[in-house]
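Trainee: Could you take me through one part of this model in detail, the sheet and the helices packed around it? I'd like to see how the pieces fit together.

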Amino acid sequence: MITLKLRDAELDGDLSIPDGATGVVLFAHGSGSSRLSPRNRAVAEGLNAAGLGTLLIDLLTRHEEEVDRVTAALRFDIELLTLRLIGAIDKLAEGLESAPHTAGLPIGLFGASTGAAAALAAAAARPRIGAVVSRGGRPDLAGPSLPRVRPPVLLIVGGRDPEVIKLNEQAHKSLENSEIHIVSGATHLFEEPGALEEVTTQAADWFNRHL
């Protein structure tokens, strides 16, 4: 575990950089999730196996997470999540104290649920981002940031998640360079057999092509 010291918070994270990594993917969780999310950890392991580094961080402090469990308000504070993510991007680009070899590695963003909106808003603010992947995301919550996103974006949605499909299709029209991938038979959490593996394969291919 590592600690990222940002201006307004200290965030816990888990960093994994395989030998010869071609880039590093920063994960943005959302909707009450954390870096311990079993789904995102499974995707991260797949990206590591594909030669990509990963950094899973909690965008909320432990106290904020406790507040959010009661109010469910901070998970929808896209501005706060985006600012935290931008801080983490900058730290990663400079080289982390505990892992200076991250400096100079191409950076990608993987966002889930509301974290996808933060990832897209952060990509609009930081041109160094090389690619973005959204899993079951709410890109619509990135609002006015969408037309300013320059890196290629892959929007992955479950085929049995009609409302989120609709939101992603709308966001797709506002993004300069994006594709939608529908995982057939998958619901919002991609819990069906093979669904999360398909997400991982698509994400690894996207990042390896664009980072």
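Mentor: Sure. One term up front: two strands count as paired if DSSP finds at least two bridges between them. Keep in mind too that this is a predicted model.

With that in hand, take strand β3 (residues 24–28) and strand β4 (residues 53–57): they run parallel and are joined by four bridges. Within that pair, L26 sits opposite L55 in β4.

Now zoom out to the whole sheet. It is an open one of eight strands with mixed pairing, and the order reads β1-β2-β4-β3-β5-β6-β7-β8. The edges belong to β1 (2–5) and β8 (178–183); each has a single partner strand, so one side of each is left without a neighbour in the sheet. On average, neighbouring strands here are turned by 25 degrees against each other, ignoring direction.

Next, look at what covers part of that sheet. Helix α4 lies across β3, β5 (107–112), β6 (129–135) and β7 (153–158), and runs at about 150 degrees to β5. So β3, which we met through its bridges to β4, is also one of the strands under α4.

α4 (residues 114–125) has a helical partner as well: helix α3 (residues 78–94) packs against it at an angle of about 55 degrees, with the axes 8 Å apart. That angle is outside the parallel, antiparallel and perpendicular ranges, so α3 and α4 are oblique to each other. Their crossing is right-handed. On the α3 side you'll find I78, L81, T82, L85, I86 and I89, which meet T114, A117, A118, A119, A121, A122 and A125 of α4. Sorted by class, that contact has 11 nonpolar residues, two polar ones and no charged ones.

α3 also takes part in a salt bridge, one where the side chains of R84 and D8 meet at 3.0 Å, N to O. This links distant parts of the chain, since D8 is in the loop between β1 and β2 (10–16) while R84 is in helix α3, 76 residues apart. The structure holds eight salt bridges.

For another helix pair, try α1 (residues 38–49) and α6 (residues 195–210), which pack at about 45 degrees with their axes 9 Å apart. They are therefore oblique to each other, and α1 passes α6 in a right-handed crossing. R39, A42, V43, G46 and L47 in α1 meet L196, V199, T200, A203, A204 and F207 in α6. By class, this contact has eight nonpolar, two polar and one charged residues.

Note on methods:
Residues numbered from 1 in each chain as written. Predicted model: local features only at pLDDT ≥ 70, side-chain atom pairs only at ≥ 80, totals over all residues. Heavy atoms only, no water. Axes fitted to C-alpha atoms, helices over the stretch in contact; angles between N-to-C directions. Helix = DSSP H or I, 4+ residues; strand = E, 2+ residues; numbered from the N terminus. Parallel < 35°, antiparallel > 145°, perpendicular 65-115°, else oblique. Left-handed = near helix turned anticlockwise from the far one by under 90°. Contact = heavy atoms within 4.5 Å. Nonpolar A, V, L, I, M, F, W, Y, C, P; charged D, E, K, R; others polar. Salt bridge = Lys/Arg side-chain N within 4 Å of Asp/Glu carboxyl O.
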